[in-house]
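Reader: Could you take me through how helix packing and strand burial are read from a set of coordinates?

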Amino acid sequence: MSLPDGVYPAMVTPFLPSGAIDEAGVVKLLAWFRAAGCKGAVIAGTNGEGPSLSAIEKRDLVDLACRLAPELAIILGIATPSLNEATWLSKQAARSGAAAILLMAPSYFREATSDGVALWFRAVLDASPAPVLVYNFPQRTGFEFDAPFLASLADHSNLLGAKDSSGKEGNLAMFRQVLPGKRLYVGNELLLLKALDAGWNGTISGAANVVPRWLSLIVADRDEAKFEFIRPTIETLRSHPQPGTNKALLAELGVIDHNLVRLPLLPGVVVPLPVSD
């Protein structure tokens, strides 16, 4: 299965005061994204507080999302240094009908070499029954994808593509050159138009929690005027702690009922936005 061009919100994970995942909140979020023209959603990713969720919670969350929103391409975020856990979660994602997994580099072992990390990725690619998007986020993992590293994965038949959240404009041309024909999604929304111009396929976006319709319109129309109109809102969202700010705004909008996060994070506050959905 391929992924359509478009917007994939990096969905926040709503919680109840008890600390459990708010399943009704998941329903509301998926409906919010669908109505805004999004093509899918990433669950349990960076904005979804994936590292704060247990493997069982991730299994149940991907199953819930796939059942509730079969018309959306659901992608399970996987961020763990455990190879066994990563491969187990990939199998749970496939069993639930997820379109892909979004696989972040293992981040604990800072002494790991590029060759070792590449072998780790290839082991998951070999074992995963779900297609794999590899996820470059060096600010979180301490490991940065360069051209030789990407080239070492490019020939794998299970590699669907990549997400890049480095914020480096130079990666736009490099990723497309090294991964011809693969699906590419930018994480920094401020680079969205430039990414589309470079042949990328859309965005996996934290800001799309709050302004999914605007970002969907920009990907569909590639309208610079619309992008410049929404840019101050994107800059505001990106300048405040996430996912707390996104959750506070979504609660204010009535999309979810609570702005709760899991420790060690603290709840965010509502910030004024120049434009909202």
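The dialogue below treats two helix pairs and then one strand.

Author: Please keep in mind throughout that this is a predicted model.

Reader: At roughly what angle do the axes of helix α1 and helix α2 cross?

Author: One begins with the axes, and here those of α1 (residues 23–35) and α2 (residues 55–68) come within 10 Å and cross at roughly 50°. Angles from 35 to 65 degrees fall outside the parallel and perpendicular classes, and α1 and α2 are therefore oblique to each other. The crossing in which α1 passes α2 is right-handed, and its contact is formed by Glu23, Val26, Val27, Leu30 and Arg34 of α1 together with Leu61, Leu64, Ala65 and Leu68 of α2. By class, these residues comprise seven nonpolar, no polar and two charged.

Reader: In which hand does α9 pass α10?

Author: The crossing is left-handed, and the axes of α9 (residues 212–221) and α10 (residues 224–238), which come within 10 Å, cross at roughly 145°. On the α9 side the contact involves Trp214, Leu215, Ile218 and Asp221, while α10 contributes Lys226, Phe227, Phe229, Ile230 and Ile234; seven of these residues are nonpolar, none is polar and two are charged.

Reader: How many residues of strand β3 are buried?

Author: For a strand, one counts the residues and then looks at each face in turn: in β3 (residues 73–78) six of six residues are buried, with Ala73, Ile75 and Gly77 on one side and Ile74, Leu76 and Ile78 on the other. Strand β2 (residues 40–43) runs parallel to β3 and is joined to it by four bridges, and isoleucine 43 stands opposite leucine 76 in β3.

Technical notes:
Residues are numbered from 1 along each chain as its sequence is written. This is a predicted model: local features need pLDDT of at least 70, side-chain atom pairs count only at pLDDT 80 or more; totals for chains, interfaces and linings use all residues. Side-chain values use heavy atoms; hydrogens and water are left out. Axes are lines fitted to C-alpha atoms, for helices over the stretch in contact, and angles run from 0 to 180 degrees between N-to-C directions. Helices (H or I, at least four residues) and strands (E, at least two) are DSSP runs, numbered from the N terminus. Angles under 35 degrees count as roughly parallel, over 145 as roughly antiparallel, 65 to 115 as roughly perpendicular and the rest as oblique. A crossing is left-handed if the near helix is turned anticlockwise from the far one by less than a right angle, and right-handed if clockwise. Contact means heavy atoms within 4.5 Å. Ala, Val, Leu, Ile, Met, Phe, Trp, Tyr, Cys and Pro count as nonpolar, Asp, Glu, Lys and Arg as charged, and the others, Gly among them, as polar. Buried means under 20% relative accessible area, exposed over 50%, partly exposed in between (1.4 Å probe, protein chains only). Two strands pair if DSSP finds at least two bridges between them.
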